[in-house]
Amino acid sequence: MIQIKNLIKYFDGKKVLDDINLNINTGQFFTLMGGSGQGKSVFLQHIIGLLKPDKGSIYIDGQDIVPLKEKNLLEIRRNFGYLFQEGALFDYMNIYDNLALPVREHTTKDDREISILIKKALEEVELSGIEQKFPSQLSVGMRKRVGLARAIILQPKLLLCDEPTSGLDPATGYAISCLILKLCRELKTTTIVVTHDVINFFDISDCIAIIHEGRIAAIGTKDEIRKSEDELIRRFVINHPI
Ligand SMILES: Nc1ncnc2c1ncn2[C@@H]1O[C@H](COP(=O)(O)OP(=O)(O)OP(=O)(O)O)[C@@H](O)[C@H]1O
Ligand SMILES: [Mg+2]
């Protein structure tokens with residue numbers, strides 16, 4: 001369970017996160033939606049501890065991570081999978097080494113155990129057998145899937161995805177959203193997606209929050225959000241064919 005209380009963040013005198021309060025239940029598929037520049041990535045970076053708020057708390061399974069030092073955060077991050085907006089693969093390493101990175105960083109597993117984990121993670125994202133390829137030899141959609149394989153290789157309790165479908169064609173975007181949902185359900189991973197992709201994520205999320213100018217403008221199930229009479233939410237929902 002993740003509890004976010006009174007989270008406030010300023011950048012250059014501007015309030016980027018404005019008193020965010022959220023509860024995300026264990027195993028839930030939670031999506032934070034909003035337009036560009038509304039604070040989605042900044043929010044996600046707070047949960048992983050890459051940014052510290054000016055005020056507020058972030059409880060992960062009862063522990064406030066805000067006061068933690070880097071060393072303790074590293075231990076907590078062992079249970080996190082993070083899919084970066086651009087996949088963030090290292091171009092000079094093949095797929096095997098890219099996927100081995102978090103395993104080598106967080107565990108003492110030997111080469112044989114690592115190769116088994118890599119094989120399994122690639123199977124999960126339906127990219128078996130590409131261990132020896134380099135990122136430049138893959139399509140953008142394949143790179144996203146490798147990024148996802150790396151995020152889930154240690155079976156994280158919490159999966160965080162920043163714009164997992166941006167820059168993809170509609171079919172690939174749909175496939176990636178289905179894959180994230182499947183992993184959430186199969187591995188019982190609490191999943192937080194931040195995105196403006198209403199088409200692919202609105203219907204599949206257990207809970208949706210809409211962020212506008214750093215504030216949570218609406219939160220609820222898809223049916224609750226659809227019923228909202230708030231002008232801003234109606235525009236956001238109506239502007240997208242859901
Ligand atoms: N490290 C930083 N230093 C200063 N300002 C920042 C920093 N990171 C983000 N911001 C500002 O915070 C605001 C929110 O940015 P954020 O990246 O969270 O938007 P976003 O909702 O993820 O947008 P997008 O959909 O384009 O990815 C923006 O005004 C941005 O310029
Ligand atoms: Mg962003």
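Here is a walk through the helix packing and the ligand site of this structure, which is a predicted model.

Let's begin with helix H3, which covers residues 95-106. Its neighbour H4 spans residues 111-124, and the axes of the two helices come within 10 Å and cross at roughly 115°. Angles of 65 to 115 degrees count as roughly perpendicular, and that makes H3 roughly perpendicular to H4. As H3 passes H4, the crossing is right-handed. If you would like to find the contact on your screen, look on H3 for Ile 95, Tyr 96, Leu 99, Ala 100, Val 103 and Arg 104. On the H4 side, the partners are Asp 111, Ile 114, Ser 115, Leu 117, Ile 118 and Leu 122. Sorted by class, this contact of H3 with H4 holds nine nonpolar residues, one polar residue and two charged ones.

H3 also packs against H5, at an angle of about 30° and with the axes 8 Å apart. Angles under 35 degrees count as roughly parallel, so H3 and H5 are roughly parallel to each other. This crossing, too, is right-handed. From H3, the contact draws on Ile 95, Asn 98, Leu 99, Leu 101 and Pro 102, while H5 brings Val 146, Ala 149 and Arg 150. The class count for H3 with H5 is six nonpolar, one polar and one charged. Ile 95 and Leu 99 are worth a second look, as these H3 residues take part in the contact with H4 and in the contact with H5.

From H5 we can step on to H6. H5 runs over residues 140-152 and H6 over residues 170-187; they pack at an angle of about 10°, with their axes 10 Å apart. H5 and H6 are therefore roughly parallel to each other. Gly 141, Lys 144, Arg 145, Leu 148 and Ile 152 of H5 meet Thr 172, Ile 176, Leu 179, Ile 180 and Leu 183 of H6. By class, the contact of H5 with H6 includes six nonpolar, two polar and two charged residues.

Now let's turn to ligand 1. There are 14 residues around it, and those that come nearest are Ser 36, Gly 37, Lys 40, Ser 41 and Val 42. Two of these nearest residues offer polar side-chain atoms to follow up. In Ser 36, an N or O atom of the side chain is 2.5 Å from an oxygen atom of ligand 1. In Lys 40, a polar side-chain atom lies 2.8 Å from an oxygen atom of the ligand. Gln 38 takes part through its backbone: a polar backbone atom there is 3.1 Å from an oxygen atom of ligand 1.

Methods. Residues are numbered from 1 along each chain as its sequence is written. Chains are lettered from A and ligands numbered from 1 in the order in which they are written. This is a predicted model: local features need pLDDT of at least 70, side-chain atom pairs count only at pLDDT 80 or more; totals for chains, interfaces and linings use all residues. Side-chain values use heavy atoms; hydrogens and water are left out. Axes are lines fitted to C-alpha atoms, for helices over the stretch in contact, and angles run from 0 to 180 degrees between N-to-C directions. Helices (H or I, at least four residues) and strands (E, at least two) are DSSP runs, numbered from the N terminus. Angles under 35 degrees count as roughly parallel, over 145 as roughly antiparallel, 65 to 115 as roughly perpendicular and the rest as oblique. A crossing is left-handed if the near helix is turned anticlockwise from the far one by less than a right angle, and right-handed if clockwise. Contact means heavy atoms within 4.5 Å. Ala, Val, Leu, Ile, Met, Phe, Trp, Tyr, Cys and Pro count as nonpolar, Asp, Glu, Lys and Arg as charged, and the others, Gly among them, as polar. A residue is near a molecule or strand if one of its heavy atoms lies within 4 Å of it. A polar contact is a pair of N or O atoms within 3.5 Å; within protein, one must be able to donate a hydrogen and the other to accept it, and residues adjacent in sequence count only if both atoms are side-chain atoms.
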